[in-house]
Every structure is written in C-alpha cells, then in structure tokens.
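The exercises below are meant to be worked through with the sequence and the coordinates side by side. Each task is followed by a solution that proceeds step by step.

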Amino acid sequence: MHDKTLEELAYFRIRDQIASFCASEESYELFIHKKPLTDSEQIEFLKSLGREWSTILNDGNYATIQNWLPIHTFLKLCQAQGASLELEQLFAIYGFCNAAISAANSINSASKSLPVKNLLSLSEKLPVQTLNLALNEFSRVINKDGSLKDLPVIREIRAKIASIRSEIAASLKKFTSDTTLAPALASNVPVLKGDRQLIAVKANQRNRINGIVHEVSASGQTLYIEPEEAVRKNNELIQEEFHLQSEMRKILTDLTAKIAPFALELKEALLTMEQLDQTCATAKWARQYDCIYTGACMDDEPPALINARHPLLGTEAVPITMEFFKGKRVLIITGANTGGKTVAIKTFALLAMMNQSGFAVPCGEGSRLPVFNSIFADIGDEQSIDQSLSTFSAHIKNIAAACRHADSKSLVLLDELGSGTDPQEGSAISMAVLNELIQKKAFVLVTTHQGVLKNFGYTNEFCTNASVDFDDTSLRPTYRLLMGIPGKSHALDIAKRSGLPSDIIKKAQAFITNNQTDVSTLIQGLTQKHNEVLELEKSARSREALLAEKELKFEQKLIRLHEKEIELKERQNRESADFVSSTRKELENLVRTLREGEITREKTLGVKSFIHNMQDNLAEEELSLEQKKNELDAQKEAFEKEMSFRSENGILISKDNSKHGSSKKKTKKKPSTKEAFANAKVSYTEEEAALLYAKSNSTMAVGIKNMAKPPKLEFVPGAAVIHVATKTKGTLIEKSGRNVWQVQLGSMRMTVKEKDLVLTYEGQSVTTVSVEMADTDGLKSRPEFELRLLGQREEEAIKALERQLALCRMNNFKTFSIIHGKGNGILQQAVWDYLGEYPGVKKFYFARPEDGGTGKTYVELN
C-alpha cells in the first residue's frame, strides 16, 4: 500500500484518531505506525479480538486496560550485569505488572458469562505467576505512590540527618539571637547557599564572626559566612546524606537484580498487553462512532457495504450502499457534480483499508469486504509545473501504474476517468483502460460524466452502473447512491443554482440535441422504475420476514403440543402404575385379614370402605385427567385454527413445500349433503325414519305399530342400560360417586362411569316403536355400537350410515361411534356433511387422540 494513496484516502487521520483511545503511551506509539495488512487470518484474528472487546464494553461490568508508563527501554537495562534502575523506572515496571494482572483477571471473569474465547486465549499468555512474584519484590521496597519505603537502615540514617540539621540550626541561632552581634548582621535569618546554612554579615564587620566566606553579594556589601562551629556539622550532614544515597542505591541495585530474571517474560507480557490495549482501543472507538466489524467475502462473494458512512463526516454523513454484484467487478458511478461520487469511492476504499487494519468500520450489518493486496488511486488534480505534468498527463501516469501492476486482488479508484482531454478520445481511452482492468480481474470504482461509459456499463457483462441521486425539486444532490442505473449530470441545473445568468442557461439548453434529451429522459424513467422496484423488494422482504416469524412460532407451538401430550401420557402411566402398586398391596392385606379367622362384620365393612375409597380416588383422578385432556384439546383446536390460517395464506409446512404455499390438487367437486337431500327430495318424519332401513333393502318386510313418543330416559336406580365396551345389558343398582354407578351386568357387579353406559327402554312398561323385520340377506336388525366404514366407497358408506340412523331411531339408541379413518379426509367429510343435515342428530364430534382422534366420530341423537 502506497503512503500517498493512504494519505489521499485520509487513512492516517482515522488511524491516529483511533490511536488516541489507547490506554498506554507505548501502545499509542505502535498504533500510529500501523498500516493495512494483507494476511486474511491475521486480519480476522484482530477483528475477533475487537468484537469480543465490544461485547465486554457493552456489558459494562468488567474493567478493560489500565494505563502504564513506558518500560521497554528499562527492561533492556535491567538485564545488564550490576545494573541499577532508578526508583521511577522500577515504579513504572511495578505499574505495568499491576495493569497486566488486572487485565488478565478481568478477561478471565468476563469469559465466565460472555463469549470472549479469543481474548481469554490471548490473556492466558500473560505470565501471571511471574508478575505476582515481581509484584512481591516491588511491594517490599516501593510504596503504591512510587516512593521508597521507610526501611530500618533508611530510617536510621534519616534520623541522624534530622539530628544534625537540628544541631546546625541551634548553632546558627546563637549568632542570630546574640544582641551584641546584631549590628554586624545583614539579616537575622540563616541563608541556604549550596546546601549549607550561612549567616549574612556586613562586609565592614567581617572580623566579628570567625568562619568561612562562601559567597559575596553583587554589591560587595554582604558576605555569606559559615561559622566554624557550623562547618563541622555541615560536613557531617553531607556525609550522612551521601550515606543515605549510597544505601538507597544499594537497595535499588538489589531490587533490579531480583527483577532481572523476569525481564524476558516481562517483554513477552508487554507485547501481549500492547495487542490487548490496541484492540481494546479499536472497540472503544467503534462504540463511540457506531461502527461494526465487517464479515469476510467467502466463496467468491462480491463485496458489499450497507449504509456506509465516511468517518470524517460525522453526523452529517449520508449512508450509502455499494455492492459489487456476482460476476461484476467494475462499478461505474455517474450523476450530478457535487453529488458525492468521489466521496463514495473514497469511502469504499477507506473502509476497506480500515477493515484490513482490524478496525471496525461505520456501516450496517450484512456488510462484507475482501482482502486487497494492493490499491491504486487516481483522484484529484496532480498537475505539476516543476515536472511538466498537465492535468491529463498526471491522470494517465496514475492509470498506467494501475494497468501495469493490478491483479485480481487489487482495488483501483479512477475519479473522472477520461477527463482533461478531447471527450471522444478520452472516452476511447477510458473503455480501453476498463477492458484491460477487467482482463486482470481487478475491482474497479469509476466516476465519470461521459455518456459513452454509461452505455459501456450496460453492455459489458462485468460492469454495473450506479448514480448519485439528485432532487429535481430543490435542484440539490441528496448524496444517496442508486445501484443499477446511470445518472444525469444535471450540469445546467447546478450552473443555474450557482449563479450562471438565465440567458446563458437557455442558450445552453438550445445546444443540447434531441438525442441527448432522449437519453436523459430514459435515465429519468429508469430512475423512477428503480425506485418502484426497491419499494417492492422492501415490501417483499418485510412480508417474508413476517411469514418466517410466524412459521417459527408455528413450529414452536407444534413442539410444545407434542411435549405436553407426551408428558400427559407419561404422567398417566406413572399414576396408573402407582395406583396399581398401592391397591395391590392393600388388597393383599385385606385378603390376608379375611383368611385369618372367621369373617366378621368389621372385616366386611373394612372391605366395603376400601372399595368405596378406591372408587372415589379413581373418580377424582379421572376427573383431573379429563380436565387436562380438555385443556390439551383446546390447545389442539387453536393449533388447527393456526394450521387453517397458514393454509389459507400459503404457508403450509411440509417436507416438499415449507415456505411459500403449496399447489392444491384439483378434484371433482362433490355435492354437499344438503344438495343431495334437496335433489332426492327426502324429508324425515318419525314414520319415514322407521321406514328408511326397509326402503334401502327390498328383502325386508317392515311392520310399524303403536307409534308413540317414548318417555325421557334418566340415570336412576333400576334403569336398564347397555355397557358400551362389552355390549352387555345391565341394571343400575346405586350411584357410588359423581357420574359413577354400581351396575349389575349379568352375574357381575361393576362400577362404571355414566359416559360408558347407554340407557334403554328394555324392562320398562312403556309403549315403544316395534319393528318386525325379515332379514333374508343376513343383515342385522339392531344398530351397531361402532359402525365401521373403513374400505368403503363414499356411496356405500352413506347407505350404511342411513341404515344405522334408522335402526337407532327404531331402537331408541342414543349414542354410537363411526370409524371412517383419516386418509385424505374424503370419507370423513362425507360423514360429517350427512350428520350435519340429519334432523335427529343432537351433536357429533371427533374422538380423543388416544381413542382414534380424527379417524373416529361419536354421534349423539335427540
């Protein structure tokens, strides 16, 4: 990457801006020398670290990177034999160790709740154990504020120094407080000169005080004398201060020697910390400027930037979307002057270079960028008088370099291609250059006003047209980029807005040929059509997202229903097993009790009590289970409604067609039961219902007598019933629970629920409908408890159902079931249509799932 090109793209300005987010000076110095990389693995690794730092920053519960002072040069010095680092240098290393341990601990804590595996892997390279050992050595000698600790030897020397200073002050006070010497003193306050305390004496009174003259004032009127008594004390003070420095140097030398073995590991830790700090800085910058880390172009995916913004424009930037379509590597951008063409191609190139540096870029989700090995740019005017370069020559020099060196992994920016010379020749050169770059398979971004290149973009299979939008009402650019269509230059509109006289504008319009006008009209029409297509695509995507969301909810609901059904069955099985186990134990105890000795009244009452309790428990369990089954049926009903809705909206879920509807097979329309009854002119009276069965079979002779309305049947003791499951006649004895009866079935007495019993008139003194039949074909003269229609055609099934209903009316049979199966639902629908129109039917409904579900229908008659 040439620095000149990167400078034109403002890459260095953005890089330095991001560098300012570094915590340490050393990281900053390294960051400002960064340049785009070409190793895709290294780029993706840096971006992954940045993404994970963004996750930590967004969470807000963990510390990031602490500041530390520069230590790189100190680490080299401490490895030298006998080296002694200054206190400030050792304190800098001390601070680095603290920052490194803090970073490692913070990332380790974050990894327990956040997906930061790459950061964790990098932080694990920090030698935490070594850093802790170094910290222990530092903490023995250095305080947290960077000062040396008050060690015993240091404390002793400092005490001596304080004592000597007191003695010096006392000796000098003798002179300054002596009233007889007051006329000889220029000042009664001791003066500090050269780390020694002196007395200011008037020059003409020099002989009054014995001592050493250290300095004379500029006027010569004052001498600074150190009294003989103070000379000795000051000498002692200097010696002790030297002793203090010597001891401090010895302590620091000893500490340096103890740190020296850790130097190599500290260097490695420094490199790791710099990388952590730099990637954290990119994440902080990304968070402040609303940026993301783009995806990579996989399997020859074309580059795409969604809602990209130039980072230097800030909030004033208008987001643009730039895409290279599949198989197309040249994007030709046309449109109005000052419309943002040059900014658009600069934005794409700048963001590509930022991506290759591991930086986040200001764009939307779904953006992806490849890794370019080189970038060539011809942007702006590089006219040079010194080098005898005209505008056109400067452009050609840059273009020639691109044509010579570009390859399939190059990005080429050509601003105002073909300008600066004769338009016809410039257009020819432009097309030739583009053909050459197409052959080299380079990615090319071109801006131009040449109409020939607009046509070239349409006719060449490797090119795509784009344009910057222009508001015809306000005569101002909108700075939006429209993909797929060329744009008008709007030169006259912009010239008018810029102040060119109107008469000149009118003359210019007169010079425009009709052909050119037609082209502008065509472009205007294309722009309008493009906007319409974009709106349609947006609407389609919105509908598709809504349907996808509904499909997901539908599938989740289906799974929940299955889970509940399985859970209900498992619970029922567990409760049944528990009940059988406990009941068996109690029965065994009862049997054992009965066998032991004679049967007494107490034992008999105990057995009866056990049986009643067992019946009550069963009734309660069945009621609870019934409620849960009803809840499940309600959910299934809602599920079927959802299924119907999705079917009507074309979202059926199946293996062959799971998203956008299914083609329904057209079948011959079957007349409804209502229509069939109307065509046959059939009306059911009580007599006709009795005769219906006989009419359906000519071999039967039917006699009907005493047609009287039967009394209402009720569940009362003594009522005759039929047990549905065993088809056995019986008599109600007594009610033993809610909807539960003691029934005498032959020689057996059983506890049965009302829903499993059918009331009958047998044994009651009532006038009933009597039908006498001669069944010569072996057909039954009584209705079936369970009418099986499986394997029959629709016509046969309806006839069988007619006979069943007629027999039910003649025998006062109120409830029966029909097994019609599921299949394609044709037979099921025919049965339901017929039952829906039959006047004697009270209600009909599907069986429970465990009893056959939608393959079986229960019928209740009036």
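## Exercise 1: Helix 4 and its ends

Directly after helix 4 comes Gly60, a residue with a positive phi near 75°. This structure is a predicted model, and the following task concerns the helix that precedes that glycine.

Task: Determine what caps the N-terminal end of helix 4, how its span compares with expectation, and which elements its buried residues pack against.

Solution, step by step.

1. Begin at the N-terminal end, where Asp39 acts as the cap, with a side-chain oxygen placed 3.1 Å from the backbone nitrogen of Glu41.
2. Next, check the length: helix 4 covers residues 40-59, and because its 20 residues at 1.5 Å a residue should span 28 Å, the 29 Å between its end C-alpha atoms agrees with expectation.
3. Then list the buried positions, among them Ile43, Leu46, Leu49, Gly50, Trp53, Ile56 and Leu57. In an α-helix there are 3.6 residues a turn, so residues three or four places apart point the same way. The buried set of helix 4 also includes polar residues such as Lys47, Ser48, Glu52 and Ser54.
4. Finally, identify the partners of these buried residues, which are helix 6 (87-110), helix 7, helix 11 (263-288), strand 5 (295-296) and helix 12 (341-355).

## Exercise 2: Two residues in neighbouring tasks

Task: For Ser123 and Met273, establish whether each is buried or exposed, and which residues each touches beyond four places in sequence.

Solution, step by step.

1. Ser123 belongs to helix 7, which runs over residues 117-123. Its relative accessible area is 4%, and because the cut-off for burial is under 20%, Ser123 is buried.
2. The side chain of Ser123 comes to 2.9 Å from the backbone oxygen of Leu120, while Ala104 and Ile107 are the residues that Ser123 touches when those up to four places away in sequence are set aside.
3. Met273 lies in helix 11, and with a relative accessibility of 0% it counts as buried.
4. Under that sequence filter, Met273 touches Ile65, Trp68, Phe96, Ala99, Ala100, Ala103 and Leu126. For one of these, Ala99, the C-alpha atom is 8.7 Å from that of Met273, although 174 residues separate the two along the chain.

## Exercise 3: Cysteines

Task: How many disulfides does the whole structure contain, and why does Cys22 not form one with Cys280?

Solution, step by step.

1. A search of the whole structure returns 0 disulfides.
2. For Cys22, the closest cysteine sulfur is that of Cys280, and because the two sulfur atoms are 8.9 Å apart, they are too far from each other for a bond.
3. As for solvent exposure, Cys22 is buried at 13% relative accessibility, and Cys78 is likewise buried, at 3%.

## Exercise 4: The chain as a whole and its confidence

Task: Describe the overall make-up of the protein, and state where pLDDT falls below 50.

Solution, step by step.

1. The protein has 23 helices and 25 strands, and 39% of its 862 residues count as buried.
2. Among contacts with a separation of 6 or more, 67% join residues 24 or more positions apart.
3. The mean pLDDT is 78, with 77% of the residues at 70 or more. Residues 383-389 are below 50, and this stretch has 7 contacts in the model beyond near neighbours in sequence.
4. Residues 763-779 also stay under 50, and for them the model has 40 contacts beyond four places in sequence.

Terms used:
Residues numbered from 1 in each chain as written. Predicted model: local features only at pLDDT ≥ 70, side-chain atom pairs only at ≥ 80, totals over all residues. Heavy atoms only, no water. pLDDT = per-residue confidence, 0-100. Contact = heavy atoms within 4.5 Å. Helix = DSSP H or I, 4+ residues; strand = E, 2+ residues; numbered from the N terminus. Buried < 20%, exposed > 50% of the residue type's maximum accessible area, 1.4 Å probe, protein only. Polar contact = N/O pair within 3.5 Å; in protein donor to acceptor, adjacent residues only side chain to side chain. Expected span 1.5 Å × (residues − 1). Disulfide = S-S within 2.5 Å.
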